Amino acid sequence: MSRLKQWAAGLALCAGLVAQAHATVLVADGNWNTFDVDDFYGTQWIDLGGDALSFDFSVAAGQVATLTVVDGGFAGDVFKVFNGATLLGASSAAINSYPDSLGLDFDAALADARYSRAVFTLAAGEYSINGEATTLPLGTTVGAVQLAISDVPEPSSLALLTGGLLMLTALRRSHRDR
């Protein structure tokens, strides 16, 4: 095999390795699941090996999911969030905090207005969440996603709750009118 063919084969192998995707099953356990972005690999979410990263999960009928995405490390990064190729939305604006960093304390980052965040409510279905950085001031960052799943209230429960609230309102008015 000529040197040119060996070089081309090596380049094709490297391109294939970079293009590989790593899917992580996302569990609704209250834990943060991290992703990285490094402009050396592009702007997509990646794992520590540089592979494209997605977070996969299912939401059953009668349930609703809340997906939270937050920036970490140094504030200032903003993300677009996708389900496969469908854009769900973008995280909020952020303020560059360099040299101050919260590291991997994603709960603190969620509470800090300098860090971007996004919260999505998702109906029943199959999801493969991935993202990309749209603002990356330092050329590299870390972020995280968190999943919560809850049951959708039955219509009869909603009707009972609504009726109770209406009764309380009526009682307050009659008590106030005395």
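**Entry 1: strand 9 and its partners**

I began with the pairing of strand 4 (residues 63-71) and strand 9, which run antiparallel and are joined by nine bridges. I noted that the model is predicted. For one residue of strand 4 I looked up the partner: Thr68 has Gln146 in strand 9 as its bridge partner.

I then turned to strand 2 (residues 33-38). It also runs antiparallel to strand 9 (residues 140-151), with six bridges between the two. Here I recorded that Asp36 is paired by a bridge with Val142 of strand 9.

**Entry 2: Ala148**

I stayed on strand 9, where Ala148 is found. Which residues does Ala148 touch, leaving aside those up to four places away in sequence? I listed Ala28, Val64, Ala65 and Thr66. I also checked the separation from Gly30: the two residues are 118 apart along the chain, and their C-alpha atoms are separated by 6.7 Å. The relative accessible area of Ala148 is 41%, so I entered this residue as partly exposed, since that class lies between 20% and 50%.

**Entry 3: Asn130**

Next I looked up Asn130, which is found in strand 8 (residues 125-135). Is Asn130 buried or exposed? I entered Asn130 as buried because its relative accessible area is 19%, and buried means under 20%. The side chain of Asn130 reaches the backbone oxygen of Gly84 at 3.0 Å. Gly84 is also among the residues that Asn130 touches, as are Trp45, Leu53, Ser54, Lys80, Val81 and Phe82; residues up to four places away in sequence are not counted.

**Entry 4: the salt bridge**

I searched for salt bridges, and the count came to one. Which side chains form this salt bridge? They are those of Asp112 and Arg114, with 2.8 Å from N to O. I added a general remark: side chains of opposite charge can pair when their charged atoms come close. I then compared the exposure of the two partners. Asp112 has 17% relative accessibility and therefore counts as buried, whereas Arg114, with a relative accessible area of 27%, is partly exposed.

**Entry 5: a nonpolar patch**

Last, I examined the surface for nonpolar side chains. Leu165, Leu168 and Leu171 make a nonpolar surface patch of about 310 Å². I followed up one of these residues, Leu165, and located it in helix 3 (residues 155-176). Leu165 has 49% relative accessibility, so I entered it as partly exposed; exposed would require over 50%.

Conventions: Residues numbered from 1 in each chain as written. Predicted model: local features only at pLDDT ≥ 70, side-chain atom pairs only at ≥ 80, totals over all residues. Heavy atoms only, no water. Helix = DSSP H or I, 4+ residues; strand = E, 2+ residues; numbered from the N terminus. Buried < 20%, exposed > 50% of the residue type's maximum accessible area, 1.4 Å probe, protein only. Polar contact = N/O pair within 3.5 Å; in protein donor to acceptor, adjacent residues only side chain to side chain. Contact = heavy atoms within 4.5 Å. Patch = residues over 30% accessible without salt bridge, like charges linked within 9 Å, V, L, I, M, F, W, Y side chains within 5 Å. Areas by Shrake-Rupley, 256 points an atom, 1.4 Å probe, with all protein chains shown as cover. Salt bridge = Lys/Arg side-chain N within 4 Å of Asp/Glu carboxyl O. Pairing = 2+ DSSP bridges.
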